[in-house]
Structure formats: C-alpha cells, structure tokens
Amino acid sequence: MMPKKIWYVVLLLLSLSLAAAVNVSTDKTEYDTGEIVTANISSCIGTSIAKFLNPDGDLVDIKSGQGNWAAAYHTSSDSTAGKYTLSTSCSNGLAQANFCV
C-alpha cells in the first residue's frame, strides 16, 4: 500500500511543476527587417534570461526580467534572414519560441 501512496505524491509533484513552467511567446511569427519583436515571458518564478539567437545560432540580443515581463528586439540589429530562436531560462524551467525575419 505504501508504494502506491508514494506514486501518487510523485505524480502530484510532477503535475504541479508542469503547471508552473515558464512560458514565452512573440506577438507574431513573421517579421520584416526594421520591425520590433515583442517577446512575452510569463509564469516565471524569480529572474529570467531571454536570449535571441539568429538562424546561425549566434547570440544577437540578451535581456533579463522578473516574473511576467516583455522584451523587445529590433530586427534591424542583425542582417541574417531566416528562423530566429528566442530561448528563455528561469528558475522553474526553460522555454523556446521561434520567429522568422
């Protein structure tokens, strides 16, 4: 009987950790050069770091904030065309979003 109770506790803890995971999104998925990308970071506990990577995987911008916050990235700051990655790390998880320029 005891292993069954432990199993329920583990499942409960896992479901709570998934519900509290950090989320990241952009206001749209396709941008032209000269536009501003607005990234929304939510459900973060503590400080989070948002990294903008160009299609070559090079870091082109980095921002930090706390809790629910927004970061802006100007697409003219890097001339590489293609799929960019927005990677966010927080004490309660990691999240990624992609957008194209």
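User: Is F52 buried or exposed in this predicted model?
Analyst: The model is a prediction, and F52 comes out at 0% relative accessibility. The cut-off for buried is under 20%, so F52 counts as buried.

User: What kind of aromatic pair do F52 and F99 form?
Analyst: Their ring centres sit 6.4 Å from each other, with 65° between the planes. Anything over 60 degrees falls in the edge-to-face class. So, going by that cut-off, the F52 and F99 pair is edge-to-face.

User: And how many residues apart are F52 and F99?
Analyst: F52 sits in strand β3 and F99 in strand β7, so to speak two distant parts of the chain that the pair links. Like its partner, F99 is buried, at a relative accessible area of 1%. Along the chain, the separation is 47 residues.

User: How do the rings of Y73 and Y84 pair up?
Analyst: For Y73 and Y84, the centres are 6.2 Å apart and the planes meet at 45°. That angle isn't under 30 degrees and isn't over 60, so the pair is tilted.

User: Which residues do ring pairs link into a cluster?
Analyst: The structure has 6 aromatic pairs in it. Both Y73 and Y84 are buried, and they belong to the cluster too. Its members are Y31, F52, Y73, Y84 and F99.

User: Which backbone nitrogen lies 2.8 Å from a polar side-chain atom of T75?
Analyst: T75 is in the loop between β5 and β6, yet at 1% relative accessibility it counts as buried. Among the residues T75 touches are Y31, D32 and G34. The nitrogen at 2.8 Å belongs to G34.

Terms used. Residues are numbered from 1 along each chain as its sequence is written. This is a predicted model: local features need pLDDT of at least 70, side-chain atom pairs count only at pLDDT 80 or more; totals for chains, interfaces and linings use all residues. Side-chain values use heavy atoms; hydrogens and water are left out. Helices (H or I, at least four residues) and strands (E, at least two) are DSSP runs, numbered from the N terminus. Buried means under 20% relative accessible area, exposed over 50%, partly exposed in between (1.4 Å probe, protein chains only). A polar contact is a pair of N or O atoms within 3.5 Å; within protein, one must be able to donate a hydrogen and the other to accept it, and residues adjacent in sequence count only if both atoms are side-chain atoms. Contact means heavy atoms within 4.5 Å. Rings of Phe, Tyr and Trp (its six-membered ring) pair if their centres lie within 6.5 Å; planes under 30 degrees apart count as stacked, over 60 as edge-to-face and the rest as tilted. Lists of a residue's contacts leave out its neighbours within four places in sequence.
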